[in-house]
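Student: I am new to this structure, and I would like to go through it slowly, one topic at a time. Could we look at it together first?

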Amino acid sequence: MPFEQPDVIVVGAGPAGSALACLLAERGHGVLLLDKAEFPRDKTCGDGLSPRALRVLQQLGVLAEVNNSGYRINALKVFSPNGEHFTSPIPAHAGYPDHALVLPRFQLDDILRRRAIAAGAEFRRATVSDLLRDAATCVVGVRTDGAALRSRVVALATGASTAVLERAGLLAAPTALGRAARTYFANVRGLSDAVEFHFDSVPLPGYGWVFPTSATTANVGAGYFLRTGRRPLHATPRQTFDGFIANPYIAGLLAEAQPTAPLKGYPLRFDFDRARTAWPGLYLVGEACGLVNPMTGEGIDFALESAELAAEAIHHDLRTGVAPEAAARRYARTLRARFLSVFVNFGRVRDVYFRPWVLNRFVRAAQRHDELKLRLVNIALGHADPFSALTPRVLWQALAG
Ligand SMILES: Cc1cc2nc3c(=O)[nH]c(=O)nc-3n(C[C@H](O)[C@H](O)[C@H](O)COP(=O)(O)OP(=O)(O)OC[C@H]3O[C@@H](n4cnc5c(N)ncnc54)[C@H](O)[C@@H]3O)c2cc1C
C-alpha cells in the first residue's frame with residue numbers, strides 16, 4: 001500500500017538499501033525504497049558472498065533461497081606474482097558459516113528487494129536527482145524525476161554512484177577509487193569449490209579473480225586500487241582484464257570457454273576513513289559512505305552490516321524523536337566505532353603486502369606454515385584484526401619465504 005508520507009525513504013535497492021528497508025519495515029516503520037533501475041538488474045561485481053555476508057542474509061531470512069541459488073565455496077586459492085600458489089579451506093569461525101557463496105547480483109539483489117517488499121516496504125522505480133531540505137538545512141525528502149517526496153528521514157544507499165552527494169554538495173573530497181571489470185564464462189575447465197585470487201599478470205596493488213558460479217561457469221575479472229593522491233599508473237580496466245586472461249594458466253582454464261555476457265567495468269569506493277556518513281535527516285549506508293574492504297574489494301558484507309547498524313540507529317531516532325543533529329553525530333560515531341580501525345588496518349596490510357617480492361615470499365611461506373596461511377585468510381574474511389598481519393613476528397614469518 002503506498003504511504004501518504006513514509007517515515008523513511010531509502011535510495012538504492014542494492015544489498016545495503018534493501019536490507020535496511022527490510023529491517024526498518026520489520027520494526028513497523030513506513031519505508032519507501034527507490035531505485036533508478038528496473039529489477040531484476042545486473043550490478044558489475046565478483047558476486048562473492050563472504051561468511052560475514054551470509055550471517056546477515058540469515059538474519060534477514062533469505063539464506064535458504066540464497067543457498068539454493070548460489071554456488072558453495074569451501075576454499076581460497078591465492079597465486080603470487082611468480083605463479084606459485086597456496087590453497088586454504090575457509091576456516092570455521094563462531095557464529096559464521098564455514099563457507100562462502102558465489103551468486104550473481106542479478107539474483108541476489110532481487111531476492112533482497114523482494115524480501116524488503118514482503119516485510120512491508122514499498123518499492124518504486126525512480127531516479128533521485130537531489131535532496132530536499134527544510135529551512136534549517138535538515139534533509140526532509142528527495143527530488144525525483146518529476147516529484148518531491150517527503151519523509152521523516154532519508155537513507156542514501158546509492159553505492160559508488162556519487163551523483164546525488166555531489167549535487168547536494170555533501171562530498172567533501174574526491175573519492176578514493178578502485179576500478180574493476182568482469183564477465184561470465186561458460187565451459188570453463190578446472191573449476192573446483194575454491195575461489196581464486198591472482199596477483200600474477202595484473203598491476204599491483206590489484207588482483208584478478210576466478211569465482212565459480214557452477215562446476216563449469218565462472219565470474220572472471222580483474223581490478224586495481226588507485227593509491228590516494230597519486231596519478232593512476234595503470235591501464236584501463238579492460239586492458240587489465242585482457243592482460244589477466246592472457247596469463248597462460250587462465251588461458252588454459254578458458255581454452256574452450258565462451259563469454260556469456262559483455263565485459264563490464266565499474267568503480268569502487270574505499271574512502272570510509274575520510275567520508276562523512278551522516279547529516280541531519282540523512283544516513284549513508286554501504287558503499288555510499290565508502291565502505292568497501294580496501295584490501296579485498298569486497299563490499300557486500302560491509303553493505304549488509306552497515307544496514308544493520310543504520311536500522312538500529314534510525315529506529316532509535318524515530319522512536320525517541322532525538323534532534324537530527326544529535327542523531328547524525330551518534331550514527332557517524334557508531335559507524336566509526338564499528339568499522340574505522342579495521343578499515344584503516346585493511347589498507348595498511350594491502351600497502352605492505354601487495355608488492356611483488358612480498359607476495360612471492362608470503363605465498364611461499366604460507367605453503368609451509370598453516371598458521372600463517374590461516375591468519376591471512378581469517379584477516380581477508382574479516383574474522384581477525386588485520387593489524388595482526390603487521391606485527392614483527394608475523395612480518396618476519398611472511399618475509400622469510
Ligand atoms: C568489478 C567489481 C567486483 C566486485 N566484487 C565483489 C565481490 O565479489 N564481493 C563483494 O562483497 N563485493 C564486491 N564488489 C563490491 C560490491 O559490488 C559493492 O561494494 C556493493 O554492491 C555495495 O552495495 P551497496 O548496496 O552499497 O550499493 P550498490 O550495490 O551499488 O547499489 C546501489 C543502488 O543504488 C541505485 N542508485 C544509484 N544512484 C541512484 C539514484 N540517483 N536514484 C535511484 N537509485 C540509485 C543503483 O541503481 C543501485 O541499485 C565488487 C565491485 C566491483 C566494481
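The questions below move from the whole protein to its domains, its sheets, the ligand shell and one proline.

Tutor: This is a predicted model, in which local features need pLDDT of at least 70 and side-chain atom pairs count only at pLDDT 80 or more, while totals for chains, interfaces and linings use all residues. Residues are numbered from 1 along each chain as its sequence is written.

Student: What radius of gyration does the protein have?

Tutor: The C-alpha atoms fill a box of roughly 60 × 45 × 40 Å along the principal axes. The radius of gyration is taken over C-alpha atoms, and the globule rule is 2.2 Å times the number of residues to the power 0.38. With 401 residues, that rule puts a compact globule near 21 Å, and the protein agrees, with 21 Å.

Student: How far apart are the centres of domain 1 and domain 3?

Tutor: The domain assignment, which is automatic or from a database, gives domain 1 (8-47 + 104-174 + 270-343), domain 2 (177-266) and domain 3 (348-399). Five residues of domain 1 are in contact with six residues of domain 3, where contact means that C-beta atoms, placed from the backbone, lie within 7 Å. Taken over C-alpha atoms, the separation of the two centres is 34 Å.

Student: Which residue of strand 14 stands opposite Val78?

Tutor: Strands (E, at least two residues) and helices (H or I, at least four) are DSSP runs, numbered from the N terminus, and two strands pair if DSSP finds at least two bridges between them. Strand 5 (residues 75-79) is joined to strand 6 (residues 85-89) by five bridges in the antiparallel sense, whereas its pairing with strand 14 (residues 194-198) is parallel, also over five bridges. In that parallel pairing, the residue opposite Val78 is Phe197.

Student: Which strands stand at the edges of the sheet with the order 3-7-4?

Tutor: This open sheet of three strands has antiparallel pairing, and strand 3 is joined to strand 7 (residues 100-102) by two bridges. An edge strand here has a single partner strand, so one side of it is left without a neighbour in the sheet. The edges are strand 3 (48-49) and strand 4 (71-73).

Student: Which residues come nearest to the ligand?

Tutor: The shell draws at least three residues from each of domain 1 and domain 2. It divides into 19 nonpolar, 15 polar and eight charged residues, with Ala, Val, Leu, Ile, Met, Phe, Trp, Tyr, Cys and Pro counted as nonpolar, Asp, Glu, Lys and Arg as charged, and the others, Gly among them, as polar. A residue is near a molecule if its C-beta atom, placed from the backbone, lies within 6 Å of it, and of the 42 residues around the ligand the nearest are Gly14, Gly46, Gly159, Gly286 and Gly299.

Student: Is Pro324 buried or exposed?

Tutor: Pro324 lies in helix 9 (residues 324-353), and, leaving aside neighbours within four places in sequence, Pro324 is in contact with Cys138, Pro280 and Gly281. A residue is buried if 20 or more other C-beta atoms, placed from the backbone, lie within 10 Å of its own, exposed if 12 or fewer do, and partly exposed in between. Because Pro324 has 22 other C-beta atoms within 10 Å, Pro324 is buried.

Definitions and conventions: Contact = placed C-beta atoms within 7 Å.
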